[in-house]
Amino acid sequence: MSKRKARDAHLPIGECITQVQQILRERFCERLLPDRPEGVEAQYKHLLELLRRTAIHGESNSVLIVGPRGAGKTMLLQCVLRDLQKEEKVQKNLLQVHLSGLLQTDDRTALKEITRQLHLENVVGDKVFGSFAENLAFLLEALKKGNRSSSCPVLFVLDEFDLFAHHKNQTLLYNLFDVSQSAQAPIAVVGVTCRLDVLELLEKRVKSRFSHRQIHLLSSLNFTQYLERVWTQLSLPDSFPDKKFAQEWNAGVKTLCEDKSVEEVLQRHFNSSKDFRSLHMLLMLCLSRVSVAKPTIKPADLLEASRMCFADATANMLHGLSILELCLVIAIKHLNDVYEGEPFNLQMVHNEFKKFLHRKSNSMYNFEQPVVMKAFEHLQQLELIRPVDGSSAKVQREYQLMRLTLDHSQIMDALQKYPQCPTDVKQWAMSAFG
Amino acid sequence: MKYFTRMKIRRVYEWSGRARSFNRRLKTHDYDSFAISVEGLSKIIINTGQHILIEGYDEDNPYVAKVTRLYGDENGQQMKAVVQWFMRVSELPVNKLKLLGREPHPQEIFYYECRNCDNEVNVESILRPVKVKHLDSNDPFPDSSDKDTLYVKLSWDSKVFGVVNSTVMESPAEPAPASSPPSCLKPSLPISPSCSQSAATPRGPSRRVLPTPDHAIMQKASLGEVGCSSVGTPANVEAESLHSATKLSASKCLSAKRRNATARTPGVRKRLELSSPDKSVTGEEVLSQLLNEELESKVTLTRRLPPSAAHPLPVTHSLTPLRKAHRPTGARCGVPSSVFLNKLSDSDSPLSPAKDDSTRATTVSQKKELKTIKEPVLSVLAEVENEKSPMVTETPRSSKRKSAMVVSSRIKKQLNLLENDQDLNSSGEEEDEFVPSKNDLLSSSEEEGQDEDGPNIDDQVSAKKFRYVATGSGNSRSKRKSYSSARTQRRTPAKKISPGTPKTPRHATPSIPIRSLQTQQPANILEEARARLHVSSVPESLPCREQEFQDIYSFVESKIIDNTGGCMYISGVPGTGKTATVHEVIRCLQHAADMDEIPSFHFIEINGMKMTDPHQAYVQILQKLTGQKATPDHAAVLLEKRFSNLAPRKETIVMLVDELDLLWTRKQNVMYNLFDWPTRRHARLVVLTIANTMDLPERIMINRVASRLGLTRMSFQPYSFKQLQEIIMSRLNKLKAFEEDALQLVSRKVAALSGDARRCLDICRRATEICEHSAADPSSTGLVGMSHVMEALNEMFSSAYITAIRCASTQEQLFLRAAIAEFRRLGLEEATFQQVFVQHQALCRIEGLRPIGVSEGLAVCQRLGACRLLLLEPSHLGVLQHIRLNVSQDDIFYALKAD
């Protein structure tokens with residue numbers, strides 16, 4: 001008995017919780033690559049083979065990885081690169097250049113970045129010298145001098161590939177693809193994008209030089225697999241120091257996943273989106289509720305987290321409005337009902353509001369015009385209303401045409417939850433016509 | 001210098017003295033000298049044989065030449081001079097400078113040996129005389145601050161550097177040849193012993209860049225000539241017939257052989273060129289040695305030679321596969337060497353008899369000339385003798401020995417060949433040993449190195465050695481690179497002709513690091529097929545473009561031969577082989593130029609896509625022509641000047657402008673200039689332009705540009721399925737990797753869609769991969785069949801939209817349906833999010849799902865927008881943004897129904 005104790009050293013509960021938090025957070029923040037990419041084995045093999053051929057045989061290639069956001073494109077690529085680097089033959093033989101369409105917004109910066117990452121000889125320290133034209137000529141010359149058998153293969157990873165297609169003349173893409181289709185230094189161009197129509201963005205010459213290999217990451221997973229995934233994501237690995245705690249935790253996760261309400265919540269999430277990033281968000285919220293006092297995830301936590309995830313941001317914003325501003329929003333809603341979504345201006349809204357006041361003959365909300373205007377401007381600042389395009393600043397502010405950027409259902413929801421909403425205002429909002 | 005050129009002082013040119021002779025047929029007077037008188041300065045007299053400066057493009061660096069003949073017409077109106085040109089360093093093609101193997105001296109000039117350049121100039125273009133000094137190729141440049149003296153070491157014949165015979169250079173008082181033919185337009189070398197020599201050995205010393213056997217022959221031939229003239233004793237009567245054979249060996253046999261060698265192994269040439277400076281050093285030494293020997297007795301020669309001949313030479317026919325290729329030709333023209341062989345077996349003194357009989361080749365007429373010029377030669381000899389200071393004696397000696405050894409070991413080789421073939425094995429070993437020991441070569445004494453080199457110095461090795469010596473201070477990378485480049489067996493011919501490597505930022509050399517591990521060779525048939533099907537692998541010939549090839553070839557060829565310029569416009573959709581065909585044409589023309597079938601030309605290539613701005617075209621053209629760097633504006637000015645100036649000599653320039661449409665500017669001045677230059681009288685520029693659209697000239701060019709482009713057009717039709725099939729078959733080259741039907745399917749499919757050969761090859765490549773993966777046992781992969789090809793086709797051609805819709809989440813699918821429903825309701829193809837959302841809520845209720853909130857709905861909408869299933873306005877508009885579908889409604893219905 002004592003022996004066993006010595007082996008599974010029982011950590012204090014606080015220690016365990018910290019460990020759990022650490023392990024799961026790494027998973028949810030996608031800091032840690034999975035050992036094997038799940039559900040995309042075929043694509044994984046294809047990409048691995050392709051890049052290995054570039055590294056070992058010096059064969060030039062180009063490929064696009066296409067899939068919706070959060071489908072695991074980058075994860076797949078990173079896994080492949082990690083596994084490639086493990087191979088002895090590849091390790092020293094592959095130069096990598098990582099570019100992102102969001103960072104390298106034009107070819108000039110992209111070229112500098114390539115030159116810098118390749119440590120070409122016109123790089124001094126961290127600076128790349130020479131003009132744009134010189135840099136391009138230099139890089140092309142460098143690539144041209146190489147040949148298949150002797151120069152080191154270069155892997156170009158273009159994240160957000162579609163943005164590169166918007167560069168002027170697509171010079172960079174043309175040249176990269178051209179190199180990959182001619183007897184120059186071996187390169188592999190891997191584009192990562194979420195646009196399905198990315199090939200239509202390419203210019204015909206660029207398109208002709210692209211090899212038309214596309215790896216689609218379209219997950220066709222069903223709900224049971226999804227549940228399975230939740231379970232594996234939450235469970236602790238065997239290597240967890242405190243075996244007993246791990247067992248308890250895993251049992252707790254199992255019961256959680258079998259819970260009816262939890263299943264319902266997850267189903268709703270699954271219906272909304274299959275991507276794992278949003279799932280991770282949800283689980284992260286649950287995880288943050290785990291503490292020493294409450295060492296397991298309860299279904300209630302998940303429900304709460306889900307409620308937070310689905311909360312409507314703009315409707316929440318209405319809760320912070322003053323009564324006057326709320327009244328103006330209601331007036332706008334009535335105007336929209338009457339005029340079927342036609343734009344309005346402050347004068348119209350104020351009139352509508354005045355009509356309501358007349359009916360009530362209550363002087364409580366009798367505000368001066370400048371006060372109303374201020375409230376109106378506040379609504380505009382909150383982007384609850386937005387000026388119609390084209391109505392320029394020439395028009396006086398009172399007459400500037402506006403549109404409401406809220407749906408009516410959002411207004412009604414907000415009214416229900418608004419703290420101490422006056423009954424007459426509520427009734428006014430409910431009534432069909434002002 | 002600047003004074004003369006900048007101030008534009010009026011110069012008066014007149015003949016000084018009386019006409020020396022009168023040519024009746026051409027009605028020209030020959031003169032010995034003329035005078036340039038400049039206001040305020042004294043007269044300058046210029047004689048024939050003097051070196052002069054001639055006006056050119058560059059005012060600071062006027063052309064250098066030597067007057068060989070002066071003549072004028074009857075009434076003294078026209079004054080002409082026939083000159084021998086010299087090249088400045090700046091005039092040499094940049095990419096050839098590396099052949100020099102060292103930093104050129106700024107005041108260095110090269111004796112220009114090109115045949116096809118005009119060597120007649122107007123006397124009015126002569127600026128003034130200049131001092132030119134001939135230096136031995138091993139001598140250092142003097143450190144004098146005298147800026148006006150130029151130095152000649154080497155010659156240049158537009159392909160390789162050679163060694164200048166000092167007699168050519170330093171015979172200033174040589175009388176103008178009365179005997180020289182009056183047809184001055186025919187370019188000829190200055191009349192001198194070397195000239196007559198080079199009549200027998202057509203390419204002169206610079207052409208010593210030949211496979212080693214020829215080298216030996218050449219040396220012997222030249223050796224013999226001089227020896228004969230000096231000794232003048234016709235020792236062997238029976239050798240009469242052999243003389244002609246030697247002559248043959250020197251001229252025809254040689255060129256024929258070269259033709260064979262180049263035709264078969266383009267790689268050899270390159271290596272040979274690399275090694276040329278090294279070899280030509282020995283050639284030069286031989287020449288100067290010859291001059292020595294004229295004075296020295298034959299006895300000294302024989303005394304010197306036997307020890308080296310007696311060296312234990314390694315067996316000599318260890319041939320690399322490449323060299324083996326042209327061996328038979330070596331045997332064919334081995335007539336003279338067999339002569340030596342016979343001689344050798346007779347007598348123990350290896351060289352002198354052989355020399356004697358082989359050199360009977362010198363014709364009688366030449367002998368006469370030799371005698372007439374004996375005097376200058378002798379005067380030169382004194383100098384040569386002086387130059388051989390103790391410091392330098394080491395090298396000439398050893399090289400002398402080397403040349404002797406080359407000869408003797410060749411003889412041995414022949415002997416060995418006759419005697420036994422056993423040595424083949426040992427020779428193979430010898431080479432194996434040799435390669436690793438290359439480092440030792442450097443450190444070990446030169447003689448030792450030569451011992452090992454023997455006659456068939458491995459071209460690779462000698463190239464390497466030369467590099468090492470030349471770039472002794474170079475970094476290790478360049479060493480490694482040269483090593484590896486010499487080692488790489490496969491050298492694509494396309495790379496060889498890649499012209500005009502542009503200069504890069506000053507100190508940096510553009511290069512990709514060398515890989516640390518060797519590339520793996522393809523292991524099985526499928527891998528081999530894949531390598532061959534890669535677009536980058538250059539096929540030996542381009543099938544299915546024979547007609548186009550012929551048209552372009554004859555166009556360019558005719559322009560080169562006629563020394564005129566012209567434009568051609570080539571159009572065709574991407575992937576129809578436009579650029580490849582043009583490159584093939586240039587490769588063939590280059591080859592023809594190498595064989596002297598057509599005048600040599602300079603090929604440059606620019607690509608509209610490979611520059612950042614249309615005006616960069618000027619910069620790139622200038623850089624590829626001259627190696628200069630300039631801003632676009634300045635480059636335009638320089639080019640304008642270059643093409644419009646009356647240029648006394650120039651090669652035709654063939655320029656390929658790829659992706660022409662990208663050179664479009666609003667004023668179209670880039671295009672205008674490109675098409676205007678060829679029309680200039682002396683430009684000699686051929687412009688081949690490539691673009692995709694057939695009607696580009698009509699569509700985007702203004703009239704004056706389109707008019708200059710002319711009507712020489714050619715359009716490349718997309719490949720038909722038969723052609724595509726042929727292309728694949730020719731690439732596979734009898735490799736059985738595909739089923740017949742599979743190939744047909746691919747080519748039919750591609751031909752129906754685009755006719756893009758690249759696509760076709762890519763699909764085939766993918767099919768081999770699929771085949772490889774689908775096979776259960778990776779070692780026994782079968783043929784690529786229909787199913788594999790179908791899969792590859794599906795992968796590449798099918799749109800992912802339908803799969804994407806099927807894989808979308810429930811809410812996303814519902815949103816698409818809601819959008820369609822709303823469009824139907826509105827009768828428009830566009831709706832705001834708000835409107836669609838209402839439909840979506842309704843659909844949710846019908847489907848029994850909980851309606852989602854606006855935020856969530858917007859998120860769904862954005863996700864669809866990111867995949868471009870929907871087209872959205874910028875997201876900040878929120879619920880007001882307009883939505884359109886990017887897929888047809890039928891596709892959506894189809895995708896959702898199949899669920």
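Across all chains of this predicted model, 46 salt bridges are counted, a salt bridge being a side-chain nitrogen of Lys or Arg within 4 Å of a carboxyl oxygen of Asp or Glu. Side chains of opposite charge can pair when their charged atoms come close. As this is a predicted model, local features need pLDDT of at least 70 and side-chain atom pairs count only at pLDDT 80 or more, whereas totals for chains, interfaces and linings use all residues. Residues are numbered from 1 along each chain as its sequence is written, chains are lettered from A and ligands numbered from 1 in the order in which they are written, and side-chain values use heavy atoms, with hydrogens and water left out.

**Salt bridges**

Four of the pairs are listed below.

| Pair | N to O distance |
|---|---|
| A:Arg53 and B:Glu769 | 2.3 Å |
| B:Lys610 and A:Asp178 | 2.9 Å |
| B:Arg530 and B:Glu772 | 3.2 Å |
| B:Asp695 and B:Arg699 | 3.3 Å |

A:Arg53 forms a salt bridge with B:Glu769. The pair joins two chains, because A:Arg53 belongs to helix H3 (residues 41–57) of chain A and B:Glu769 to helix H33 (residues 757–774) of chain B. Helices (H or I, at least four residues) and strands (E, at least two) are DSSP runs, numbered from the N terminus. Both A:Arg53 and B:Glu769 are buried; buried means under 20% relative accessible area, exposed over 50%, and partly exposed in between (1.4 Å probe, protein chains only). These two residues also belong to a network of salt bridges whose members include A:Glu59, A:Arg213, B:Asp756 and B:Arg759.

A second salt bridge at helix H33 of chain B pairs B:Glu772 with B:Arg530. This pair links distant parts of the chain, 242 residues apart, with B:Arg530 in helix H23 (residues 525–533) of chain B and B:Glu772 in H33 of chain B. B:Arg530 and B:Glu772 are both buried. Other buried residues of H23(B) include B:Leu526, B:Glu527 and B:Leu533. The cover over the buried residues of H23(B) includes H3 of chain A, along with helix H31 (721–732) and H33 of chain B.

The salt bridge between B:Asp695 and B:Arg699 involves partly exposed residues. B:Asp695 has a relative accessible area of 34%, and B:Arg699 has a relative accessibility of 49%.

**Interface between chains A and B**

The size of an interface is often given as the accessible area lost when the parts come together. Here the area buried between chain B and chain A is about 7,600 Å², with 52% given by carbon and sulfur atoms; buried area is the accessible area (1.4 Å probe) that two parts lose on being put together, summed over both. B:Ile512, B:Arg515 and B:Met609 lose the most area to chain A in chain B, together 10% of what that side buries. The contact (heavy atoms within 4.5 Å) takes 83 residues from chain B and 93 residues from chain A. There are 9 salt bridges between the two chains, one of which joins B:Lys610 to A:Asp178.

**Helix packing in chain A**

Two packed helices are described by the angle between their axes and the distance between the axes. The axes of helix H18 (residues 323–339) and helix H20 (residues 369–381) of chain A come within 9 Å and cross at roughly 75 degrees. Axes are lines fitted to C-alpha atoms, for helices over the stretch in contact, and angles run from 0 to 180 degrees between N-to-C directions. H18(A) and H20(A) are therefore roughly perpendicular to each other, the term for angles of 65 to 115 degrees. Residues in this contact include A:Leu324 and A:Ile332 of H18(A), and A:Val371 and A:Phe376 of H20(A). The contact divides into 9 nonpolar, 1 polar and 1 charged residues. Ala, Val, Leu, Ile, Met, Phe, Trp, Tyr, Cys and Pro count as nonpolar, Asp, Glu, Lys and Arg as charged, and the others, Gly among them, as polar.

**Backbone features and chain B**

A:His212, not a glycine, has a positive phi of about 65 degrees. A:His212 is buried, with a relative accessible area of 7%. A:Gln420, also not a glycine, has a positive phi of about 50 degrees. A:Gln420 is exposed, at a relative accessible area of 77%.

In chain B, 11 of the 11 residues of helix H26 (residues 616–626) are buried, so this helix is largely enclosed by the rest of the structure. B:Gly627, just after H26(B), takes a positive phi of about 85 degrees. Chain B comprises 39 helices and 22 strands, and 56% of its 899 residues count as buried.

Methods
Angles under 35 degrees count as roughly parallel, over 145 as roughly antiparallel, 65 to 115 as roughly perpendicular and the rest as oblique.
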